[in-house]
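Grab a pencil and work through these exercises with the structure in view. Try each one yourself before you read the solution.

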Amino acid sequence: MPIDTPIHTNEQSIERVLSAGAPALLVFWRKGSALCQQIEPGLARLAKAYAGRALIAKIDMADSLALARR
């Protein structure tokens, strides 16, 4: 079943995303950020448009700062 919504990932699960066999768009965001809230609908549209061909993965900067640095 193709994934048609942005998925939430973190340092513990990023390897599953990267090894899923599909290109992945990693979006680093912050909860409560006005800009991040503004791009949310666009990410949802991208996920639907590329379902089965690419993954849209959101990574919360507050929870995964080391991953953002990497």
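**Exercise 1.** In which sense do strand 1 and strand 3 pair, and over how many bridges?

*Solution.* Start by finding strand 3, which covers residues 55-60. Keep in mind that you're looking at a predicted model. Now line strand 3 up with strand 1: the two pair in the parallel sense, over 3 bridges. For a landmark, look for H8, which stands opposite K58 in strand 3.

**Exercise 2.** Work out the strand order of the sheet and name its edge strands.

*Solution.* Strands of a sheet pair through backbone hydrogen bonds, either parallel or antiparallel. Here the sheet is open, has 3 strands and uses parallel pairing, with the order 1-3-2. Next, check who has a partner on one side only: that's strand 1 (7-9) and strand 2 (24-29), so these are the edge strands. From one strand to the next, the twist averages 35 degrees. Last step, add the helix: helix 2 (residues 34-49) packs on the sheet and touches strand 2 and strand 3. The direction of helix 2 makes about 155 degrees with that of strand 3.

**Exercise 3.** Which residue has its ring under the charged end of K58?

*Solution.* Go back to K58, the residue facing H8. Follow its side chain out to the charged end, and you'll find the ring of W29, with 4.4 Å to the ring centre. What about rings pairing with rings? A search of the whole structure turns up 0 aromatic pairs.

**Exercise 4.** Test whether K48 and D4 count as a salt bridge.

*Solution.* Side chains of opposite charge can pair when their charged atoms come close. The cut-off for the N and O atoms is 4 Å. For K48 and D4, the closest N and O atoms are 3.9 Å apart, and the pair does form a salt bridge. Now place both ends: K48 is in helix 2 and D4 in the segment before strand 1, 44 residues apart, so the pair links distant parts of the chain. The structure holds 3 salt bridges.

**Exercise 5.** Where is confidence lowest, and where is it highest?

*Solution.* Begin with the whole protein: the average pLDDT is 92, and 100% of the residues score at least 70. Then go element by element: helix 3 (residues 65-69) is lowest with a mean of 84, while strand 3 is highest at 96.

Terms used: Residues are numbered from 1 along each chain as its sequence is written. This is a predicted model: local features need pLDDT of at least 70, side-chain atom pairs count only at pLDDT 80 or more; totals for chains, interfaces and linings use all residues. Side-chain values use heavy atoms; hydrogens and water are left out. Helices (H or I, at least four residues) and strands (E, at least two) are DSSP runs, numbered from the N terminus. Axes are lines fitted to C-alpha atoms, for helices over the stretch in contact, and angles run from 0 to 180 degrees between N-to-C directions. Contact means heavy atoms within 4.5 Å. Rings of Phe, Tyr and Trp (its six-membered ring) pair if their centres lie within 6.5 Å; planes under 30 degrees apart count as stacked, over 60 as edge-to-face and the rest as tilted. A charge sits over a ring if NZ of Lys or CZ of Arg is within 6 Å of the ring centre and within 35 degrees of the ring normal. pLDDT is the predictor's confidence in each residue, from 0 to 100. A salt bridge is a side-chain nitrogen of Lys or Arg within 4 Å of a carboxyl oxygen of Asp or Glu.
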